[in-house]
Amino acid sequence: MVQGTKTLNVFIVVLVLGFFVGGMVLGQLGPALNGFMRLQVTPARLVTDFTAVVGVGPTLVNVAAVGALGYLFLKINKLELRGAELAALFTMMGFAFFGKTVFNCVPILLGVSLSALLVRRKPRDYALIAMFGTAMGPLITFIAFELGMRQIFALPGSFLIGTGIGMVLPPIAIAMLRLHQGYNLYNIGLSAGFVGLFTASLSEAAGADILPLTMWGTSPEPLLIAIIPAISLIMLCCLVAENPKSIGTTFKEAFGDFARITKMTGRLPSDFVDYVSSRGALLNAAVMGLLFWALMLILRAPINGPVLGGLFTVVGFSFFGKHPRNVVSVMLGVVAAILIFGLDIYSPAPLLAILFCTALAPLAGEFGPVVGFIAGFLHLVIVDRTGNWHGGMDLYNNGFAAGLTATLIVSIIEWYRSAREA
Amino acid sequence: MKRHELYVQLISELANYLLHGNPKKMVISMHLEPDGFHIAAIDDRPRTEKELSEIEHSLMLHQRPELASYYGTMIGHDLLGSARLELIGFQIKGVKIERIPEGGVMINLWIGNEGFDPAMFSINEVPGKG
């Protein structure tokens with residue numbers, strides 16, 4: 001194990017343990033575990049803020065449990081922690097604030113692993129698809145606890161269908177990747193949205209009612225507000241831990257690597273830990289987390305479960321594609337669309353779009369800020385509509401919208417360039 | 001992935017990379033063995049030491065099966081934007097980059113299954129991958 005990877009392992013273990021201990025203390029042990037168990041049987045479709053359903057303590061226990069599950073999955077598959085793995089782990093943990101539970105993640109992880117074995121590959125080959133694929137978790141909870149089936153059929157049925165969904169995810173994810181050519185960082189969001197469109201339509205055709213869910217916490221919780229600065233601080237401590245004898249030199253080198261990262265396009269797969277260094281990636285993630293956290297505070301947005309999920313995803317993908325230079329123009333595009341169309345910036349869809357639109361960062365990184373701005377603008381226009389298509393079954397609804405936006409823009413640029421040069 | 005598809009995709013990505021430098025000459029050859037193959041690509045574009053080390057860095061990344069089986073499927077397909085040698089780097093077992101007397105560069109790549117021994121090939125000075 002190389003030095004940087006060792007630090008990253010310590011970082012994740014500290015984070016998972018911190019959430020577990022924090023959740024148990026805040027939730028007072030017994031009630032925290034009860035709340036955690038309640039979350040496993042709670043409908044998890046978009047947007048269900050777990051902090052509003054069971055409170056902060058049990059939600060943090062759920063975040064720790066989902067994080068531990070993801071970490072264990074990586075260890076079972078003998079994968080080292082690098083940029084892509086950190087992005088997947090942070091995404092899993094972030095969405096454990098509003099949709100992912102251990103119950104609804106396991107069938108997907110199993111299904112994708114079976115899919116790998118089916119085509120004579122090792123489960124580790126599709127480990128990232130499996131981890132990101134837990135976006136389809138709400139479908140499992142929907143079948144188990146929302147359809148009104150008898151539990152004796154609903155539980156095994158949801159597990160089997162979840163496993164089946166996991167098995168079809170790899171071919172779909174690979175096909176979707178080719179649509180946008182790696183310019184949408186949340187490719188599984190597009191894939192899961194595609195699958196969710198079919199499953200929601202099938203459910204409705206069979207007579208199921210898929211009613212919209214909105215559980216959105218608005219009361220300020222000091223602990224939730226403190227999470228992102230605390231994580232950024234831990235990341236900076238990890239930086240120091242790599243070379244404690246010479247902190248000045250360490251930070252100087254980290255800033256140099258950070259500067260190199262900001263010159264990259266961020267197109268999939270831009271693993272900053274591998275391509276540059278773990279210290280540069282850690283610094284980038286700390287800076288990005290603090291920037292977006294400060295933005296939420298300036299906007300006076302509620303730091304609730306979904307907003308934290310968005311911030312976690314920003315931090316995670318700052319190891320794998322996002323940096324300050326390639327996210328700004330996309331975000332400005334979203335803000336411009338919010339202002340032009342007179343939308344309420346505090347309602348879930350526009351607010352979450354400000355965070356999750358950064359999936360389109362590679363477009364700005366490769367083709368410049370103007371393209372990034374247009375991408376952000378179009379993303380906001382489409383994101384509210386796509387949520388209804390899959391009935392909230394795809395937790396990465398912004399990934400779905402970003403995939404469609406990226407496909408549109410990439411198609412036009414590709415046609416223009418090839419036709420003009422021909 | 002069928003083997004011939006992999007040949008086509010690797011060669012496409014490599015050609016895409018070299019053609020981005022607008023060379024006047026480019027030659028790509030392939031040497032097949034039962035459990036692996038060797039690709040050699042030559043162009044005539046002069047490169048600085050920094051450029052050479054960047055090529056080497058991209059190609060000598062760690063083997064990443066989880067990236068190769070997923071994002072690696074973009075190799076040779078998605079050619080909009082800059083070429084990505086990293087996608088090749090996830091898949092290969094050995095690499096050697098050298099200047100040629102004509103002023104360009106020769107990139108040697110060895111690809112194979114788990115039992116594959118790049119040393120069996122005629123160009124046998126294969127640096128180990130990181």
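1. A useful term to begin with: two residues are in contact if their C-beta atoms, placed from the backbone, lie within 7 Å. With that in hand, the meeting of the two chains is easy to describe: 26 residues of chain A are in contact with 16 residues of chain B. Please keep in mind throughout that this is a predicted model.

2. Let us stay with the side of chain A that touches chain B. Four helices of chain A each supply at least two residues to that side: H7 (127–133), H9 (151–180), H13 (272–275) and H20 (397–421). H9(A) gives the most, with four residues. By kind, the residues of this side of chain A divide into 14 nonpolar, nine charged and three polar.

3. From chain B, a good residue to look up is Leu67(B), which lies in helix H3 (residues 65–68) of that chain. Is Leu67(B) buried or exposed? Leu67(B) counts as buried because it has 26 C-beta neighbours inside 10 Å, and the cut-off for buried is 20 or more. Leaving aside neighbours within four places in sequence, Leu67(B) is in contact with Ala84(A) and Pro269(A) in chain A, and with Gly72(B) and Phe90(B) in chain B. For a sense of distance within chain B, Leu32(B) is 35 residues from Leu67(B) along the chain, and their C-alpha atoms are separated by 25 Å.

4. Now for chain B as a whole. Its secondary structure comes to four helices and four strands, and along the sequence the pattern reads α-β-β-α-α-α-β-β. Chain B has 130 residues, of which buried residues make up 35%. Among its contacts between residues at least 6 apart in sequence, 64% join residues at least 24 apart.

5. The strands of chain B are worth following one pair at a time. Strand S1 (residues 26–33) runs antiparallel to S2(B), and eight bridges join them. These two strands form a hairpin with two residues between them. Within this pair, Glu33(B) has Gly36(B) of S2(B) as its bridge partner.

6. Where does the pairing go from there? Strand S2 (residues 36–43) of chain B is joined to S4(B) by seven bridges, and the two run antiparallel. Strand S3 (residues 94–99) of chain B also pairs with S4(B) in the antiparallel sense, over six bridges. One residue of S4(B) shows both pairings nicely: Ile107(B) is the bridge partner of Ala41(B), and Ile107(B) is the bridge partner of Ile97(B) too. Strand S4 (residues 105–112) of chain B is mostly covered, with seven of its eight residues buried. The hairpin of S3(B) and S4(B) has five residues between the strands, and in this hairpin Gly103(B) takes a positive phi near 110°.

7. Turning to the interior, the largest nonpolar core has 171 residues. Which residues have the most contacts inside this core? They are Ile129(A), Leu311(A), Val334(A) and Cys357(A). Helix H4 (residues 56–76) of chain A brings the largest share of the core, eleven residues. Beyond its neighbours within four places in sequence, Leu311(A) is in contact with Ile228(A), Gly289(A), Phe292(A), Trp293(A) and Leu355(A).

8. Leu355(A) also gives a reference point for Val327(A): the two are 28 residues apart in sequence, with a C-alpha to C-alpha distance of 9.6 Å. Val327(A) has its place in helix H16 (residues 324–340) of chain A. Why does Val327(A) count as buried? Because it has 28 C-beta neighbours inside 10 Å, against a cut-off of 20 or more. Neighbours within four places in sequence aside, Val327(A) is in contact with Lys322(A), Thr358(A) and Ala361(A).

9. Finally, two helices of chain A to compare with the length expected of them. Helix H5 (residues 83–95) has 13 residues and reaches 18 Å from its first C-alpha to its last, close to the 18 Å expected at 1.5 Å a residue. H5(A) is mostly covered, as 13 of its 13 residues are buried. Helix H19 (residues 369–389) has 21 residues, which at 1.5 Å a residue should span 30 Å, and its end C-alpha atoms are 30 Å apart, so the two values agree. A closer look at H19(A) shows a kink of about 35°, centred on Val383(A). After H19(A) comes Gly391(A), whose phi is positive, near 60°.

Notes
Residues numbered from 1 in each chain as written. Chains lettered and ligands numbered in written order. Predicted model: local features only at pLDDT ≥ 70, side-chain atom pairs only at ≥ 80, totals over all residues. Core = buried A, V, L, I, M, F, W, Y, C linked by C-beta atoms within 7 Å. Buried ≥ 20, exposed ≤ 12 C-beta atoms within 10 Å, placed from the backbone. Expected span 1.5 Å × (residues − 1). Bend = angle between axes of the 7 residues up to and from the residue. Nonpolar A, V, L, I, M, F, W, Y, C, P; charged D, E, K, R; others polar. Pairing = 2+ DSSP bridges.
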